[in-house]
There are 2 protein chains.
Amino acid sequence: MNIREIAKMAGVSPAAVSRYLNNGYISREKSDAIKKVIDETGYMPSHQAQTLRTGKTKLIGVIIPRINSDSISSVVAGVSEVLTAEGYQLILANTDNDADKEIDYLETFKQTNVDGIIHLGTIKSAKHKKAFKAVTTPLVVLGQESESASCIFHDDYGASFSLTDYVLSKNHKHIAYIGVTEKDIAVGYMRKQGFLDAMEKAGLHVPKNMLYQGNFRMDNGYSNAEKILKDHPDVDAIICATDTIALGAIKYLNEHHISIPDQVGVAGFGDSKTSSVLSPSLTTVHFYYKECGIEGAKLLLERIQNENSSARPSQAIKLDYRIIENQSI
Amino acid sequence: MNIREIAKMAGVSPAAVSRYLNNGYISREKSDAIKKVIDETGYMPSHQAQTLRTGKTKLIGVIIPRINSDSISSVVAGVSEVLTAEGYQLILANTDNDADKEIDYLETFKQTNVDGIIHLGTIKSAKHKKAFKAVTTPLVVLGQESESASCIFHDDYGASFSLTDYVLSKNHKHIAYIGVTEKDIAVGYMRKQGFLDAMEKAGLHVPKNMLYQGNFRMDNGYSNAEKILKDHPDVDAIICATDTIALGAIKYLNEHHISIPDQVGVAGFGDSKTSSVLSPSLTTVHFYYKECGIEGAKLLLERIQNENSSARPSQAIKLDYRIIENQSI
DNA sequence: TTGTATGCGTTATCAG
DNA sequence: CTGATAACGCATACAA
């Protein structure tokens with residue numbers, strides 16, 4: 001069933017049908033005839049042919065480091081909400097934390113000719129910067145500051161600084177930190193730096209051996225909590241770069257009957273669903289993940305629509321945060 | 001940069017380049033010349049034109065009720081793993097638990113001409129059955145038994161029966177149940193029925209007012225736990241249709257200093273990441289979500305490749321489960 | 001307002 | 001093995 005058959009059935013030209021479907025530059029009479037035929041046949045124009053002709057795919061590529069994460073799925077939910085309402089479809093590219101795959105997907109998207117790309121940023125290597133700079137498709141980076149593209153990110157540094165301040169105010173002084181690779185600027189570097197600077201400001205020196213590091217999973221928190229308690233029996237709080245890591249630390253503490261927060265306090269980042277369920281509930285930081293997705297999608301739409309405008313100053317938007325004062329500190 | 005330019009530069013015909021890219025039915029000499037030009041120019045054939053010509057989009061539509069869920073994202077991770085390895089891309093369609101949107105997306109996918117559809121099933125209305133029966137695209141249903149399509153699902157009934165048996169064996173006798181709508185056959189009906197039958201077998205009658213119901217979120221568990229304790233002060237265990245619901249119940253119990261499992265035991269389904277972190281850890285059921293995604297994707301691939309074979313007996317595969325005996329019971 | 005004709009970039013057919 | 005050519009289904013410039 002194609003546009004020509006419809007045209008024949010309605011007694012008009014294919015161009016008329018096309019116009020009916022698009023601009024609507026057509027007389028009432030023919031319009032009615034076409035409508036009737038389309039209703040009867042259930043005809044739908046071939047997306048593929050439209051795409052070849054117009055160069056627009058109505059497809060948006062979304063690159064994410066993993067799918068199974070509270071924060072990431074919230075961002076994607078926000079993105080999805082805005083873009084599907086505008087008739088776009090999302091192609092999900094899951095890199096499984098393999099940074100090289102990001103570049104592969106970028107290539108794939110170039111070929112698929114997506115109309116825009118949303119990139120949930122993680123690490124930034126030189127290779128990445130180069131690859132992303134070479135992209136001509138409208139691109140918005142989420143969760144990381146980027147100088148080469150429009151981006152929306154969280155105030156990771158400020159959040160970490162405030163959270164540390166809060167922990168200190170609750171009379172924890174020997175604080176260990178479990179982070180992730182600093183190649184992840186937002187989660188790895190900024191959160192660690194906020195912690196260090198807040199400690200510094202309080203006149204507390206943090207020795208290097210109070211800083212631990214690992215992956216994004218629970219076992220990072222679990223195994224490093226074990227190390228921390230072995231290395232530093234006097235530790236009275238652990239700040240973890242994510243709630244998931246904090247969950248691992250809590251698991252270790254629970255299993256070894258170390259009471260939270262009396263013996264050791266724990267704090268995380270992300271305000272995951274779970275944090276409020278735990279007993280004691282987890283002190284954490286709320287970031288506006290869904291809003292990040294929503295705003296990112298709007299920004300992308302704007303860039304797609306003004307693609308012709310040669311002047312394209314990329315925007316950078318920093319989102320706020322909120323400390324969730326629960327019982328684990 | 002298109003195939004004709006490449007052909008001209010390599011001194012061959014467009015057809016030769018096309019063959020080079022596909023069957024490779026070409027002489028060594030020309031092949032080398034073409035390879036050289038392609039390497040130099042970085043030419044990539046237009047996916048859109050290929051798609052128009054061949055009718056294959058290399059796109060798979062994935063319909064899910066929500067993205068922000070442990071179990072669903074695990075299934076999608078499995079699907080993604082298999083299909084991206086085969087050069088397919090996933091279009092994610094998030095219905096936000098709006099069953100009508102499933103039908104809309106089905107329509108959209110028809111238009112986008114996806115090569116296959118994965119449907120994480122939820123409820124089955126007559127309208128749904130009709131819509132899904134009318135689909136000619138290869139389709140695999142995951143998480144629900146389906147008579148009209150190939151499907152992979154979990155043994156929800158058996159799991160619930162076993163779990164209830166286990167709870168009973170731990171000397172809980174006054175057990176309340178918090179479920180979800182029975183329109184969701186797998187999670188709503190089967191799990192409830194397994195519970196009821198196991199109770200029956202133990203000679204315990206379950207009065208209707210021990211059966212509660214709500215949505216898929218934590219607040220269902222929270223508010224119904226409250227009701228349960230008001231209505232039935234003698235209750236000594238609550239079985240919840242999902243871990244998320246169980247988390248809500250636990251939250252209520254913790255907040256009201258009702259000890260788990262001494263006063264009230266709690267059990268869930270899904271073996272979510274969180275379940276092992278809680279203290280006491282949550283007794284639950286492990287389902288093979290990722291495996292479900294992997295097997296589902298393989299099944300879909302098979303159906304896509306044998307699309308011509310007129311005989312297409314749809315398969316139904318029931319997956320196993322495993323009771324996770326933790327401390328909350 | 002309408003219809004004709006052309007081309008988007010590729011692949012399949014068919015004759016060499 | 002190779003190349004010319006005709007589709008795939010649509011949207012648009014242009015002529016009417």
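**Two helices, two chains and a DNA strand**

Okay, let's start inside chain A: helix 1 and helix 2 of chain A sit roughly perpendicular to each other. Their axes cross at roughly 105 degrees and come within 8 Å, and anything from 65 to 115 counts as roughly perpendicular. Bear in mind that this is a predicted model.

So which residues make that contact? From helix 1 of chain A we have A:I3, A:R4, A:I6, A:A7 and A:A10. Helix 2 of chain A brings A:P14, A:A16, A:V17 and A:S18. Sorted by class, that contact has seven nonpolar residues, one polar and one charged.

Now, the two chains. Turn chain B by 180 degrees, with a shift of 0.0 Å along the axis, and you can lay it on chain A with an RMSD of 0.1 Å. That's the relation of a two-fold axis. If you want to find the axis on your screen, look for B:I91: among the residues of chain B, its C-alpha comes closest, at 2.3 Å. And 97% of the interface residues of chain B are also interface residues in chain A, so the copies meet through the same surface.

Last bit, the DNA. What comes nearest to DNA strand D? There are 26 residues around that strand, and the nearest are A:N2, A:I3, B:S13, B:A15 and B:S27. You'll remember A:I3 from the helix contact. Helix 2 and helix 4 of chain A, along with helix 2 and helix 4 of chain B, each supply at least two residues of the surface near strand D. By class, that surface has 14 nonpolar residues, eight polar and four charged.

Technical notes. Residues numbered from 1 in each chain as written. Chains lettered and ligands numbered in written order. Predicted model: local features only at pLDDT ≥ 70, side-chain atom pairs only at ≥ 80, totals over all residues. Near = placed C-beta within 6 Å. Helix = DSSP H or I, 4+ residues; strand = E, 2+ residues; numbered from the N terminus. Nonpolar A, V, L, I, M, F, W, Y, C, P; charged D, E, K, R; others polar. Least-squares fit on C-alpha atoms with pLDDT ≥ 70 in both. Contact = placed C-beta atoms within 7 Å. Axes fitted to C-alpha atoms, helices over the stretch in contact; angles between N-to-C directions. Parallel < 35°, antiparallel > 145°, perpendicular 65-115°, else oblique.
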